Amino acid sequence: MSSIINIIVSVLAIAINSLLAISVFGLIYSFYKFNLDFFIPYFSMVGITLTKTNVPLATAILVMTVLILLSLSPFADSLLRALYGFRKPLNDEVERLNYLFNSVCCSAKKNPKDYQVYIIDEKSPNAYALGSNSIGITRMLLNNFSDAEIKGVIAHELGHINYKD
């Protein structure tokens, strides 16, 4: 049941974002009348005939398609990790982090090799789930909280990844 809901939400999100993109490109094109003719050859290569009136629509569809494909790629995960300051755990952090993460994965009947755990150098206790398999835990959380508390945080973030929210 939850997979059907995820599909419905994803389709609605794509539809709404597409309408927004089409509206934005249409408004920009109508106010600034910039030349989008450079897109016409690319569309004609795949058999789509463009006119001056449907170039903003085609441009919006092209941009949305590229953004959707980018968001589904491993590149998007690595870009998000870089933006949020994720780094690989240092030697002193690896042992404890692996123990805690493996323990949570064992309880959840998940394979720890399907996920990547990172450290974030922030001054507040926090954790993030990014993309399809990345979990980041702040160094402050790892150093100042008990194993049980950290396991709870890891389980929470693992839930975000598994339920894709």
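Begin with the whole chain in cartoon view: the secondary structure of the protein comes to seven helices and four strands. The model is a predicted one. Colour the chain from the N terminus onward, and the elements follow the pattern α-α-α-α-β-α-β-β-β-α-α.

Next, display the molecular surface. The protein exposes about 10,800 Å², of which carbon and sulfur atoms supply 66%. Of the 165 residues in the protein, 27% are buried. If contacts are drawn between residues at least 6 apart in sequence, 54% of them join residues at least 24 apart.

**The nonpolar core**

Hide the surface and select Phe101, Ile137, Ile154 and Leu158. These are the residues with the most contacts inside the largest nonpolar core, which has 17 residues. Then add the elements around them: α5 (91–107), β2 (116–120), β4 (134–138), α6 (139–144) and α7 (147–163) each supply at least two residues of this core. Helix α5 gives the largest share, five residues. In soluble globular proteins, nonpolar side chains tend to be buried together.

Centre the view on Phe101. Which residues does Phe101 contact, leaving aside its neighbours within four places in sequence? Select Pro112, Tyr115, Val117, Ile135, Ile154 and Leu158 to see them. Two of these, Ile154 and Leu158, were already picked out among the residues with the most contacts inside the core.

**The aromatic cluster**

Now show the aromatic side chains. A search of the whole structure finds four aromatic pairs. Select Phe86 and Tyr118: the centres of their rings are 5.7 Å apart and the planes stand at 45°, so this pair is tilted. Phe86 belongs to strand β1 (residues 86–87) and Tyr118 to strand β2, so the pair ties together parts that are 32 residues apart in sequence. Are Phe86 and Tyr118 buried or exposed? Both are buried; Phe86 counts as such because its relative accessibility is 10%, against a cut-off of under 20%.

Keep Phe86 selected and add Tyr128. These two residues form another tilted aromatic pair, with 6.5 Å from centre to centre and 35° between the planes. Here too distant parts of the chain are linked, since Phe86 is in strand β1 and Tyr128 in strand β3 (residues 127–130), 42 residues apart.

Finally, add Tyr84 to the selection. Ring pairs link Tyr84, Phe86, Tyr118 and Tyr128 into a cluster. Phe86 takes part in the pair with Tyr118 and in the pair with Tyr128, so a view centred on Phe86 shows both pairs.

How values were computed: Residues are numbered from 1 along each chain as its sequence is written. This is a predicted model: local features need pLDDT of at least 70, side-chain atom pairs count only at pLDDT 80 or more; totals for chains, interfaces and linings use all residues. Side-chain values use heavy atoms; hydrogens and water are left out. A nonpolar core is a set of buried Ala, Val, Leu, Ile, Met, Phe, Trp, Tyr and Cys residues joined through side-chain atoms within 4.5 Å. Buried means under 20% relative accessible area, exposed over 50%, partly exposed in between (1.4 Å probe, protein chains only). Contact means heavy atoms within 4.5 Å. Accessible areas come from the Shrake-Rupley method with a 1.4 Å probe; for residues, only the protein chains shown count as cover. Rings of Phe, Tyr and Trp (its six-membered ring) pair if their centres lie within 6.5 Å; planes under 30 degrees apart count as stacked, over 60 as edge-to-face and the rest as tilted.
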